[in-house]
Structure formats: C-alpha cells, structure tokens
Amino acid sequence: MNAHRSAIAWLTSWWQLLQFAALLLTRAMAPSSYRRDNRRMLSEQIVVATTVNLAWFSVLWALISLVIIRIVVVTSASYGLSRYALEMVVRVLVLELVPLTAALFVALRTTLPAGVEFAQQRLAGHAPDARAALRTQFYPRAAAGVFAVWMLAAVSCLLTLVLAYLVMYGFTPWALPGYTRVVGQIFNPAVSLILVLKVVFFSLAVSVIPLASSYYTGASSPLRRIGIAHGLADMVRMFSVILVVEAASLMGNYY
C-alpha cells in the first residue's frame with residue numbers, strides 16, 4: 001500500500017510538472033504577458049537574476065578555468081600530447097562543464113530559494129490566487145532563470161576560449177589562425193546544435209522544476225513540504241532531468 005501511494009505521488013508530481021511547464025509556455029506566448037506593467041516586472045526579474053549571478057560566476061569560472069587549463073597543458077606536454085591539449089580543453093570545459101556549472105549556479109542562487117519561498121507563502125496563505133501568481137511571480141522568475149543560464153553559459157564559453165588561447169600561446173596574434181581552425185573543427189554544426197539544446201534544456205530544468213511544486217503546494221497537495229525538505233525534493237527531481245539531458249548530449253557528441 002505504501003509503495004502504491006508513493007508511486008501515485010511520484011507520477012502526480014511529474015504530471016504536475018508537465019502541467020506547470022505548459023502553463024508557463026502559454027503565459028510566454030500570451031501578448032498580455034508583455035503589457036507595460038507585466039513587462040516591467042519581467043525585466044526587473046531578468047536584470048536581478050542575471051546581474052547578481054554574472055559577476056560572481058565569471059570570477060569563479062575564470063579561476064577554475066585557469067587551473068584546469070594549466071593542468072591539461074602541463075599533463076599533455078609531459079606525455080608528448082601537446083597538440084591535443086586545446087581540443088581537450090574545449091571539449092571538457094566549453095562543451096561539458098560550462099552548461100552544467102552555469103545551470104547549477106543559477107539553480108542554487110536563484111530558482112531553488114525562490115521555489116522554497118513561494119511554497120512557504122502559499123502554505124501560509126499569503127500568496128495571491130493561482131492565476132495571478134502565475135503572471136506576477138512564477139513566470140517572471142522562470143523567465144529570469146532561463147535567461148540567466150543562457151547569459152552565464154555564453155559569457156563563460158567566450159571567457160574560456162580567450163583564457164585557453166592566452167594560457168597556451170600568450171599575448172601573440174600569430175597563433176590565432178591555427179587556434180580558430182582547431183576550435184572551428186570542434187564546433188561543427190552537430191556539436192554546436194547539441195550545445196545549444198543542452199543549454200536550453202538545462203535552463204528549463206533549473207527554472208521550471210523548483211517552481212512547479214511550489215505552484216501546486218496546498219493543503220491537499222501530495223507535494224506539501226516546506227523548508228529544507230521542499231528544496232531537497234526539487235533538487236532530486238532537477239538533478240534527474242539534468243542527468244538525462246547530459247547523458248543524451250554525450251551520446252550525441254561521442255557516439
């Protein structure tokens with residue numbers, strides 16, 4: 001009986017997640033979402049979510065990238081594989097670590113705390129009705145999370161490529177043709193499409209999942225959790241989706 005109830009609750013949570021994603025998509029396509037009052041609210045959330053995360057993430061990612069690039073360069077040189085160092089750096093950092101790290105950074109800093117906050121408000125009875133909350137709270141936060149992941153990933157990819165060039169070749173323009181040729185060979189149309197799709201799906205996962213259970217939180221909801229338990233449940237669901245997307249991208253890139 002307990003297993004049956006757990007299975008029903010699990011299926012219900014995923015079904016509600018799909019419903020919430022459909023509601024957000026409908027709200028994104030509705031012209032009323034971009035009227036003057038709603039547009040101001042949306043733009044404020046996007047600016048706050050992006051500016052708060054971009055500076056810290058850029059600094060942290062620059063330090064991490066420098067360490068990893070240096071390790072790869074030194075290790076490759078010691079084994080006589082220096083010609084493969086640039087390709088390894090680009091594939092490991094740009095294609096794999098940048099999207100994942102950007103998505104998790106936005107989730108931990110923005111969307112997961114927002115989900116817990118909204119859940120506590122709804123359980124306490126301080127939140128507006130569902131339709132108004134979707135327009136004024138949930139959609140702006142979800143859109144801001146999506147845009148923040150895109151911006152962090154784009155800036156970090158460019159930053160990594162610049163740092164890789166400087167670490168490997170120094171401040172010289174003469175190595176630029178060979179560098180761009182190697183990078184261009186890596187970013188063929190298929191790999192570029194997979195990278196873009198990965199960033200898109202990661203941004204949707206970290207923006208929609210933490211808010212979905214908060215939207216349906218209520219006295220009769222099977223997702224009635226607050227505080228740490230609520231955040232942990234959302235993290236498990238979010239990591240599951242991210243793992244599936246990452247596995248699919250690895251299969252597309254290397255099989």
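**Pocket, core and surface of an all-helix chain**

Helices α1, α2, α4, α6 and α7 each supply at least two residues of the lining of the largest pocket. The model is predicted, so that local features need pLDDT of at least 70 and side-chain atom pairs pLDDT 80 or more, while totals for chains, interfaces and linings use all residues. Residues are numbered from 1 along each chain as its sequence is written, and side-chain values use heavy atoms, without hydrogens and water.

The chain has 7 helices and 0 strands (DSSP runs of H or I with at least four residues, and of E with at least two, numbered from the N terminus).

The largest pocket (on a 1 Å grid over the protein atoms alone, an open set of points with protein on both sides within 12 Å along at least five of seven lines; lining residues have an atom within 4 Å of a point) is lined by 24 residues. Helix α1 gives the most, with 7 residues. Ala-21, Val-146, Leu-204, Ala-205 and Val-208 lie nearest the pocket centre.

Of the 255 residues, 42% count as buried (under 20% relative accessible area with a 1.4 Å probe and protein chains only; exposed is over 50%, partly exposed in between). The largest nonpolar core (buried Ala, Val, Leu, Ile, Met, Phe, Trp, Tyr and Cys residues joined through side-chain atoms within 4.5 Å) has 61 residues, and Phe-20 and Phe-138 have the most contacts inside it. Elements giving two or more residues to this core include α1 (2–29), α3 (85–124) and α5 (176–186).

Phe-201 is found in helix α6 (residues 189–215). Phe-201 counts as partly exposed because its relative accessibility is 43%.

How values were computed. 1 Å grid on protein atoms, 1.4 Å probe; cavity = no way out; pocket = protein on both sides within 12 Å on 5 of 7 lines; lining within 4 Å.
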